Amino acid sequence: MAKSSSLAMKSTSIPRRRRVHRPRRSPTKPERAAAADMFDSLATSCPSSPDYPVVPDMDDDFAFSIADNASPPPPPPCRSDKTLAVHAGEKMGSGEAAGTDSIATPIVSGTTHWFRDSADLVAFKEGRRQSFEYGRYGNPTVKVLEDKMSALERAEATLVTSSGMNAIVATLLSLVPPGGHVVATNDCYSEAQAFIRERLSKMGIKSTFVDLDDMEELESVLDKGDVTMFYADSPTNPHLKIVDVPRVAELCHRKGALVCIDSTLASPINQKPLTLGADVVLHSATKYIAGHHDVIAGCVSGSEALISRIRAWHHDLGGAISPNASYMIIRGLKTMALRVEAQNRTALRMAQLLENHPKIERVYYPGLESSPWHGVAARQMTGAGGLISFEVASDLHGVMRFVDALELPLIATSLGGCESLVQQPAVMSYWGKSDEEKAKNGIKDNFVRFSFGIEKFEDLRDDILQALEKI
């Protein structure tokens with residue numbers, strides 16, 4: 001019988017190299033202070049979160065050997081998002097879910113898993129053996145993705161679903177009981193608003209919608225003492241308002257209410273709501289997480305106790321994601337930090353340019369110092385994202401000419417992918433709607449939403465400037 005490669009190595013006369021440990025150091029106070037100034041340097045670089053700093057390697061020529069019988073020091077408590085996006089759930093993890101030494105996570109397409117004998121099945125049922133039973137309840141490929149998202153969100157557990165809306169529905173149904181009360185913001189995702197208003201009300205669940213600009217209104221509602229959950233998007237779409245998550249969490253937890261933040265427009269790279277006090281964080285993984293406009297998915301992260309409750313409802317709803325879609329998201333996640341940092345830089349530079357352009361009346365972007373949300377964003381985000389909105393100094397048809405004159409971005413909904421997308425909400429989402437409904441949602445005929453991809457900034461800049469000249 002042929003020897004395994006490991007045995008063959010042991011039998012050679014080549015001396016084994018001694019293990020080398022390269023020590024790491026914590027950032028100094030000046031380094032932490034530099035990291036805290038988020039947006040001032042965002043146009044040229046995207047610093048890491050001050051709460052989770054990247055621990056730099058020492059110089060390559062500095063190393064010392066560890067005695068053969070000594071135990072290596074423990075790994076650093078937290079690695080950078082760039083590293084976690086690549087290795088979490090795979091090399092950095094139990095590895096049991098993947099069950100292979102392949103660098104690429106395998107796509108396990110089987111829907112049913114078998115057990116060696118009854119004792120093996122009992123061990124699985126009692127939690128003494130990690131395995132899978134049926135595809136609707138779990139899958140090895142999906143488990144890798146869930147572990148990766150948990151690492152990025154600093155969460156105990158994550159559930160990946162077939163869409164962002166499925167994640168929203170499963171979360172609300174599982175955590176808000178009949179007779180409960182959801183307080184949501186007027187700026188939250190329109191389909192989530194409709195579900196809360198129209199569907200939950202039929203289940204005996206009360207809903208109240210508050211203005212993000214008025215925290216006193218939220219305090220007044222909370223003071224009544226019957227709120228089960230506060231639900232909000234941060235940043236909001238398309239006006240990019242920011243929820244002061246620590247303040248909201250303090251107010252809600254004081255009254256026993258859960259805090260759920262849809263962080264889709266931020267991505268886990270720019271914001272980690274759980275570390276700010278939120279109980280649950282949601283994403284449409286279709287956007288920045290997958291990043292390539294080719295897969296629909298959602299995810300929800302939080303404590304093991306809360307995610308277990310959501311998972312039970314999810315099993316009944318049947319919103320399982322396919323292993324193939326999970327694999328595509330895993331592959332997209334590995335470059336998420338690089339993509340988002342590039343999108344952050346492009347969006348900020350473009351927002352600064354458009355803010356001073358004579359044909360632009362107003363720019364909405366929390367990375368701008370002129371934004372009323374800049375202070376909150378700078379405290380709790382490491383980047384303001386790749387989406388900006390602005391009002392053009394023209395009417396409905398003039399803005400349509402501007403959009404049509406753009407050569408690089410695609411006229412499309414969604415956001416967060418490699419390709420830049422543009423839309424005029426009055427045409428894309430509110431065509432045929434009344435002026436009253438548009439005004440209620442802050443949508444003007446001259447309003448434009450621009451999601452930047454990873455194209456070169458100068459190319460996008462030149463394209464936008466030439467299109468503005470067409471007005």
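**Reading burial, packing and backbone in a predicted model**

Colleague: With a relative accessibility of 19%, is Ser414 to be read as buried or exposed?

Modeller: At 19% relative accessibility, Ser414 counts as buried, because the term buried applies under 20% relative accessible area. Please keep in mind throughout that this is a predicted model. Ser414 sits in the loop that runs between strand 12 (410-411) and strand 13 (421-423), and its phi is near 75°, a positive value in a residue other than glycine.

Colleague: Where else does a residue other than glycine have a positive phi, and in what element is it placed?

Modeller: Ser267 is such a case, with phi near 75°, but its place is in helix 10 (residues 267-270). Ser267 also counts as buried, at 1% relative accessibility.

Colleague: While we are on the backbone, which peptide bonds are cis, and where do their prolines lie?

Modeller: One cis bond runs from Ser234 to Pro235, with omega near 0°, and another runs from Asn237 to Pro238, with omega near 10°. Pro235 has its place in the loop between strand 6 and helix 9 (245-254), and Pro238 lies in the loop between strand 6 and helix 9 as well.

Colleague: How should an annotated position be read against the model, and what does the record say of Lys287?

Modeller: I would take the record first and then look at the surroundings in the coordinates. The unreviewed UniProt entry carries the annotation "modified residue: N6-(pyridoxal phosphate)lysine", which covers Lys287. In the model, Lys287 is found in the loop between strand 8 (280-284) and strand 9 (298-302), and it is buried, with a relative accessible area of 17%. Leaving aside neighbours within four places in sequence, Lys287 is in contact with Thr264, Ser414, Leu415 and Gly416, which brings us back to the Ser414 of your opening question, whose phi is positive.

Colleague: How does one read a nonpolar core, and which residues have the most contacts inside the largest one?

Modeller: The general idea is that, in soluble globular proteins, nonpolar side chains tend to be buried together. Here the largest nonpolar core has 56 residues, and those with the most contacts inside it are Ile329, Leu354, Tyr365, Ile388, Phe390, Phe402 and Ile464. Helix 14 (residues 336-355) gives the most to this core, with eight residues, while domain 1 (81-93 + 104-333) and domain 2 (337-469) each supply at least three. A second, separate core of 30 residues includes Ala157, Val182, Cys260 and Leu282. To follow one member of the largest core, take Leu354, which touches Ile360, Val363, Ile388, Phe390, Ile464 and Leu468, not counting residues up to four places away in sequence.

Colleague: How can the buried side of a helix be recognised, and which residues of helix 7 are buried?

Modeller: An α-helix has 3.6 residues a turn, so residues three or four places apart point the same way. In helix 7 (residues 190-199), the buried residues are Ala192, Gln193, Phe195 and Ile196. They cover an arc of only 165° around the axis, which puts them on the same side of helix 7. Their packing partners are helix 6 (164-175), strand 4 (181-185), strand 5 (206-210) and strand 6 (229-233).

Colleague: Against which elements do the buried residues of helix 16 pack?

Modeller: In helix 16 (residues 396-405), the buried residues are Leu396, Gly398, Val399, Phe402, Val403 and Ala405. They pack against strand 11 (387-392), strand 12, strand 13, helix 17 (425-428), strand 14 (447-451) and helix 19 (457-468). Phe402 is also among the residues with the most contacts inside the largest core.

Colleague: What does Asp445 touch?

Modeller: Asp445 touches Leu396, Val399, Gln424, Ala426 and Lys438, again not counting residues up to four places away in sequence. Its place is in the loop between helix 18 (435-440) and strand 14, and it is partly exposed, with a relative accessible area of 32%. Asp445 and Met400 are 45 residues apart in sequence and 9.4 Å apart in space, C-alpha to C-alpha.

Colleague: What share of contacts in the whole protein joins residues at least 24 apart in sequence?

Modeller: Among contacts between residues at least 6 apart in sequence, the share is 74%. The secondary structure comes to 19 helices and 14 strands, and buried residues make up 50% of the 471 residues. The accessible surface comes to about 22,700 Å², of which 51% belongs to carbon and sulfur atoms.

Technical notes
Residues are numbered from 1 along each chain as its sequence is written. This is a predicted model: local features need pLDDT of at least 70, side-chain atom pairs count only at pLDDT 80 or more; totals for chains, interfaces and linings use all residues. Side-chain values use heavy atoms; hydrogens and water are left out. A nonpolar core is a set of buried Ala, Val, Leu, Ile, Met, Phe, Trp, Tyr and Cys residues joined through side-chain atoms within 4.5 Å. Buried means under 20% relative accessible area, exposed over 50%, partly exposed in between (1.4 Å probe, protein chains only). Helices (H or I, at least four residues) and strands (E, at least two) are DSSP runs, numbered from the N terminus. Domain bounds come from an automatic or database domain assignment. Contact means heavy atoms within 4.5 Å. The arc is that of the directions from the helix axis to the C-beta atoms. Accessible areas come from the Shrake-Rupley method with a 1.4 Å probe; for residues, only the protein chains shown count as cover. UniProt positions are given in the numbering used here, feature names are shortened, and annotations may be inferred rather than shown by experiment.
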